[in-house]
Amino acid sequence: MAQLRINRGTTYTIGIVYKKNGEPETLVGATVRFTVKTVEWDDDMTDTSAVVQKNITDGNSSGEATITIDPTDTDTLDPGKYYYDIKVEEAGGEIYKIDEGTIKLDGSPTNRGV
């Protein structure tokens, strides 16, 4: 379980390499889903309670993709602890969790430009 530290209202990128049995697996035709919530789990099957949702569909054949959290994704969130996971839905519909953990969202004195 990883812990990310993100400064509220700033850009943050997460690079991933999707692997199966230690070997890179293509992300062509797959969707990488990044979800952030205030609780570790819930039964909301549509994730409407998520405070950040990203669907990345431009991963490459080497299994590489980049998740970009934009300043507008976090600029109105209260600093504190959040929960995230990263799942891959392969082109065939199989879903695998590749990472999960917590996010410590820090505030900062500078708010202009957000």
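Q: How do the residues of the lining of the largest cavity divide into nonpolar, polar and charged?
A: The division is 9 nonpolar, 1 polar and no charged. Ala, Val, Leu, Ile, Met, Phe, Trp, Tyr, Cys and Pro count as nonpolar, Asp, Glu, Lys and Arg as charged, and the others, Gly among them, as polar. Thr74 is in this lining, and Thr counts as polar because it is on neither of the two named lists. The model is predicted: local features need pLDDT of at least 70 and side-chain atom pairs pLDDT 80 or more, while totals for chains, interfaces and linings use all residues. Residues are numbered from 1 along each chain as its sequence is written, and side-chain values use heavy atoms, without hydrogens and water.

Q: What makes this space a cavity?
A: On a 1 Å grid over the protein atoms alone, a 1.4 Å probe fits at its points but cannot get out. The structure holds 1 cavity of 30 Å³ or more, and the largest has a volume of about 60 Å³, a volume being the space filled by probe spheres set on points joined across faces, edges and corners.

Q: Which residues line the largest cavity?
A: Ile6, Phe34, Val36, Val52, Ile69, Thr74, Leu77, Tyr82, Ile103 and Leu105; lining residues have an atom within 4 Å of a point. β5 (31-37) and β9 (95-106) give two or more residues each; strands are DSSP runs (E, at least two residues), numbered from the N terminus.

Q: Why is the other space called a pocket?
A: A pocket is an open set, with protein on both sides within 12 Å along at least five of seven lines. The largest pocket holds about 580 Å³. Among its 26 lining residues, Thr35, Lys37, Asp47, Asp85 and Lys87 are closest to its centre. β8 (80-89) gives the most to the lining, 6 residues. The lining divides into 9 nonpolar, 4 polar and 13 charged.

Key. Helix = DSSP H or I, 4+ residues; strand = E, 2+ residues; numbered from the N terminus.
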